[in-house]
Amino acid sequence: MQFFVYGSPKERQQPRDPAELGKFMEESIKKGILITGGGVHRKETRVVLADGKVSMTDGPFLEGKELIPGFVVIQTDTREKAIEWVTNLRRLYGDGTTNIVQIFGPS
């Protein structure tokens, strides 16, 4: 099962101990849990197909406060294990909100 994990757009937190976060992420990669991660660029392009014609418009379309500050994709055997992993990640940042949603499709 894969999960998309992201922080609250309202909270742009730094980890309490960046070295500890690095260790946690490295271990997650070795265990096959962490698939990918990163941030989202503010610039985006919208592609629209209407009546057989394609048009493109460059953004940004979202306000800065709506952007996801960062994300990871994880893979676990169960939802409970994903929640446990996210809880451990959250503890590295302290109080705040982290969202998790299952991804459907090929793993």
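**Reading the labels on this predicted model**

Q: What makes the approach of the Thr 76 side chain to the backbone oxygen of Thr 78 a polar contact?
A: In this predicted model, the Thr 76 side chain comes to 2.8 Å from the backbone oxygen of Thr 78. The cut-off for a polar contact is 3.5 Å between N or O atoms, so the 2.8 Å pair counts.

Q: Is Thr 76 buried or exposed, and how do you know?
A: Thr 76 has a relative accessible area of 9%. Buried means under 20%, so Thr 76 is called buried. This residue sits in the loop between strand E5 (71–75) and helix H2 (79–93). Leaving aside residues up to four places away in sequence, Thr 76 touches Met 1, Phe 3, Ile 33, Lys 81 and Ala 82.

Q: Why do Asp 77 and Lys 81 count as a salt bridge?
A: Their closest N and O atoms are 3.5 Å apart. The limit is 4 Å, so the pair qualifies. As for the two partners, Asp 77 is exposed at 61% relative accessibility, while Lys 81 is partly exposed at 43%.

Q: How do you know that Glu 26 and Lys 30 form a salt bridge, and where do they lie?
A: Here the N to O distance is 3.4 Å, and because the limit is 4 Å, this pair is a salt bridge too. Both residues lie in helix H1 (residues 18–30), 4 residues apart, or about one turn of the helix. The count for the structure comes to 2 salt bridges.

Q: Why is Lys 30 called exposed, but Glu 26 partly exposed?
A: Exposed means over 50%. Lys 30, at 68%, passes that mark. Glu 26, at 45%, falls between 20% and 50%, so it is partly exposed.

Q: What makes the pair of Phe 4 and Tyr 6 tilted?
A: Their ring centres are 5.4 Å apart, within the 6.5 Å allowed for a pair. The planes meet at 40°; since stacked needs under 30 degrees and edge-to-face over 60, the name left is tilted. Phe 4, Tyr 6 and Phe 71 are linked by ring pairs into a cluster, and the structure holds 3 aromatic pairs.

Q: Which residues form the nonpolar patch on the surface, and what makes Val 54 fit in?
A: The patch is made of Val 47, Leu 49, Val 54 and Met 56, with about 470 Å² of accessible area together. Strand E3 (45–50) and strand E4 (53–58) each give two or more residues to the patch. Val 54, in strand E4, has a relative accessible area of 57%; patch residues need over 30%, so Val 54 meets that requirement.

Conventions. Residues are numbered from 1 along each chain as its sequence is written. This is a predicted model: local features need pLDDT of at least 70, side-chain atom pairs count only at pLDDT 80 or more; totals for chains, interfaces and linings use all residues. Side-chain values use heavy atoms; hydrogens and water are left out. Patches are made of residues with over 30% relative accessible area and no salt bridge: like charges are joined within 9 Å, nonpolar side chains (Val, Leu, Ile, Met, Phe, Trp, Tyr) within 5 Å. Accessible areas come from the Shrake-Rupley method with a 1.4 Å probe; for residues, only the protein chains shown count as cover. A salt bridge is a side-chain nitrogen of Lys or Arg within 4 Å of a carboxyl oxygen of Asp or Glu. Buried means under 20% relative accessible area, exposed over 50%, partly exposed in between (1.4 Å probe, protein chains only). A polar contact is a pair of N or O atoms within 3.5 Å; within protein, one must be able to donate a hydrogen and the other to accept it, and residues adjacent in sequence count only if both atoms are side-chain atoms. Contact means heavy atoms within 4.5 Å. Rings of Phe, Tyr and Trp (its six-membered ring) pair if their centres lie within 6.5 Å; planes under 30 degrees apart count as stacked, over 60 as edge-to-face and the rest as tilted.
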